[in-house]
Amino acid sequence: MKRPIVLAVAGLSLAVLTLAGCGHTTGTGEKAVNAVPLTSTTGVTAEGGIVIKISVSKTSVNPTGGTASVGVGKPVTLLITSTVAGQIHVHSSPEQHIVFPVGISKATLTFNTPGTIEVEDHALDRQIVQIQVS
Amino acid sequence: MILLHGLGGARDLPVPAPLAIVAGTIAVAVTFVILALAWRSPRFEGPRGSLGIRRRAISFFDSAAWDRFAAVLGLVIFGWCGWALLAGADSNTNPVFGVFYVLVWVGVLPLSLLFGRVAHALSPWRTIARVRCWITRVPADRGLFDYPERLGYWPAALGLFAFVWQELVSADQVTLSVVQLWLGIYAVAMIGGTVLFGLEWLDRADPFQVYSDLLARMSPWGRDAEGTLVLRSPLSNLATLKPAAGLVATLAILFGSTVYDSAKDSPAWTKFVAGLSAGPVTVGTLALLGSWVAVAVTFYVAARVNGPISVRSRDLPDLLAPSLLPIIAGYMTAHYLSYFVYQGQITLAQLSDPLSTGANYLGTGTLSPNMWLMDHGTFLATLKVVVIVIGHVVGAIAAHDRTVALTVASEGQARAKTTAGIPMAVLMLLYTSTGLMLLFGT
């Protein structure tokens with residue numbers, strides 16, 4: 001660290017990040033997926049994989065835990081109905097997160113390695129589902 | 001956000017039920033065979049057990065040249081990681097997280113089992129103390145005071161608790177400032193301790209070194225009665241572990257933390273925690289403490305009633321504690337294997353870029369993780385249960401042999417019919433079946 005201003009900026013950013021309450025900052029290895037807005041929840045098919053319906057509000061998320069199974073390489077469609085915009089973290093290898101808007105939206109993910117993938121709501125720190133890929 | 005193990009990535013699939021049941025059955029069967037064989041003189045202790053192979057090639061690893069090479073290597077690694085710690089980015093691309101939670105914490109297990117006292121050899125605290133003493137012309141192994149033997153391994157047990165809390169419970173596992181704080185306090189404790197108590201402080205209070213030294217007892221590397229480095233059967237080596245205060249507590253936190261780590265990933269636990277009004281950190285802390293206490297108490301009770309009755313039951317837990325080590329090693333291997341393989345490769349790539357500037361100083365920056373082990377789920381699951389069963393069998397043999405050795409030492413000969421040894425065997429079956437159930441249930 002050569003210049004004090006660099007230190008000051010670094011220290012301030014650190015403070016801001018810590019205050020933001022997020023214990024996990026995004027690294028370059030993490031993929032961001034934007035959920036596609038929909039007008040209604042009907043007409044979303046599993047296409048050989050599974051559909052997981054998630055409802056999010058400011059204070060709660062549904063489901064809260066539980067498991068879902070899917071095959072390797074098969075699509076996992078997250079159908080999100082939310083009253084707030086937010087992020088869902090997906091602990092796959094490598095990790096990814098889904099950015100979703102207010103209203104109804106969907107995001108489709110595929111996992112190419114077997115394992116158990118935890119999906120959680122970022123704002124509420126609650127696990128939504130564990131996806132078992134085999 | 002609550003992350004698993006301190007870093008992200010997918011977890012393993014649950015072990016299939018048939019595999020877990022077969023493994024459990026084998027463990028039970030072998031345990032009964034061991035009890036039935038009931039050998040009457042110790043195989044791994046006493047005159048038969050202390051044999052070791054001395055060779056000139058082995059004595060090289062006891063030389064000052066090798067000692068200095070290892071110390072310098074340890075200092076270089078320490079410096080590189082310290083640079084990333086103090087000047088690197090607060091992002092999960094900083095290799096310091098992977099080094100802390102994966103390469104050191106998990107890596108010390110295979111390295112110590114293969115090569116002996118790895119942490120002791122590489123320890124930067126030891127090198128710093130020796131350099132300080134060389135400069136000030138003070139003998140390095142003495143400090144201002146003698147280390148109080150009554151403390152034993154207790155400082156290491158507390159240090160291990162502090163580590164597993166940060167790894168498993170803390171909400172700030174991948175926050176650079178928090179890891180800086182943890183490592184800062186740890187550094188001050190280690191350096192300060194060597195000033196106060198000499199190098200023996202590290203042998204008793206450095207959580208990573210104590211963990212490595214305990215595992216090194218299951219390596220082939222040992223010392224004979226004259227202190228010469230010898231190669232020896234791991235079970236005989238294990239029998240040389242001397243009882244000390246806090247040994248049971250140290251082993252209990254190692255096993256208990258892994259039990260907690262497995263249990264907290266299960267859907268049942270997640271639902272339970274979500275329904276509580278207390279925050280996840282509070283619940284996690286209490287659960288981690290509870291696991292620690294549960295393992296310590298069950299072991300303590302089983303050891304005290306294990307016998308032989310000719311030995312004071314107060315002394316039995318410390319005397320029988322070494323036999324827990326193979327079970328701990330087996331379970332930790334099964335639990336951390338794919339995590340080590342995956343996150344370890346990622347960390348090796350990140351080490352080339354300590355400041356997250358896009359550099360590639362060590363040439364590993366373009367490595368992308370080889371997923372072979374994770375792609376072959378059946379092989380991985382089988383390997384995990386095999387390792388747990390092996391740990392159980394070795395532990396059961398060690399416990400039985402120690403019981404026989406204690407009987408012979410105190411009564412002159414082992415009795416033909418005795419119930420000594422059965423409580424420990426039952427305890428180990430309890431631990432192994434808990435481990436298998438957790439692998440299956442999560």
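1. The lining of the second largest pocket splits into 28 nonpolar, six polar and one charged residues. Here Ala, Val, Leu, Ile, Met, Phe, Trp, Tyr, Cys and Pro count as nonpolar, Asp, Glu, Lys and Arg as charged, and the others, Gly among them, as polar. The model is predicted: local features need pLDDT of at least 70 and side-chain atom pairs pLDDT 80 or more, while totals for chains, interfaces and linings use all residues. Residues are numbered from 1 along each chain as its sequence is written, chains are lettered from A and ligands numbered from 1 in the order in which they are written, and side-chain values use heavy atoms, without hydrogens and water.

2. That second largest pocket holds about 1,100 Å³ of space. A pocket is an open set of points on a 1 Å grid over the protein atoms alone, where a 1.4 Å probe fits, with protein on both sides within 12 Å along at least five of seven lines; lining residues have an atom within 4 Å of a point. Points are joined across faces, edges and corners, and the volume is the space filled by probe spheres set on them. Of its 35 lining residues, I77(B), F78(B), C81(B), V99(B) and V104(B) lie nearest the centre. α4(B) gives the most, ten residues. Helices (H or I, at least four residues) and strands (E, at least two) are DSSP runs, numbered from the N terminus.

3. The largest pocket has a volume of about 1,300 Å³. Its lining has 37 residues, with G116(B), R117(B), H120(B), R223(B) and L229(B) nearest the centre. Elements giving two or more residues include α4 (64–87), α6 (108–115) and β1 (221–223) of chain B. Again α4(B) provides the largest share, here seven residues. By class, this lining has 19 nonpolar, six polar and twelve charged residues.

4. Helix α4(B) has 24 residues and reaches 34 Å between its end C-alpha atoms, close to the 34 Å expected at 1.5 Å a residue. The expected span is 1.5 Å times one less than the number of residues. A70(B), A71(B), G74(B), C81(B), A84(B) and L85(B) are buried (under 20% relative accessible area, 1.4 Å probe, protein chains only). These buried residues pack against α5, α7, α8 and α10 of chain B (contact: heavy atoms within 4.5 Å).

5. Helix α21 (residues 422–441) of chain B also agrees with expectation, because its 20 residues should span 28 Å and its end C-alpha atoms are 28 Å apart. Its buried residues include M424(B), L427(B), Y431(B), G435(B) and L439(B). They pack against α1, α14, α16, α17, α18 and α20 of chain B.

6. Chain A has an open sheet of five strands, ordered β2-β9-β6-β3-β4, with mixed pairing. Two strands pair if DSSP finds at least two bridges between them. The edge strands are β2 (36–38) and β4 (61–62), each paired on one side only. β6(A) and β9(A) run antiparallel over eight bridges. L78(A) has A107(A) as its bridge partner in β9(A).

7. β3(A) pairs with β6(A) in the parallel sense over seven bridges; I50(A) bridges to V76(A) there. With β4(A) the pairing is antiparallel over two bridges, and S55(A) stands opposite N62(A). A hairpin of four residues joins β3(A) to β4(A).

8. Which side chains of β3(A) are buried? I50(A), I52(A), I54(A) and V56(A) are, and they point to one face. V51(A), K53(A) and S55(A) point to the other and are not buried. In a regular strand the side chains alternate between the two faces of the sheet.

Terms used. Buried < 20%, exposed > 50% of the residue type's maximum accessible area, 1.4 Å probe, protein only.
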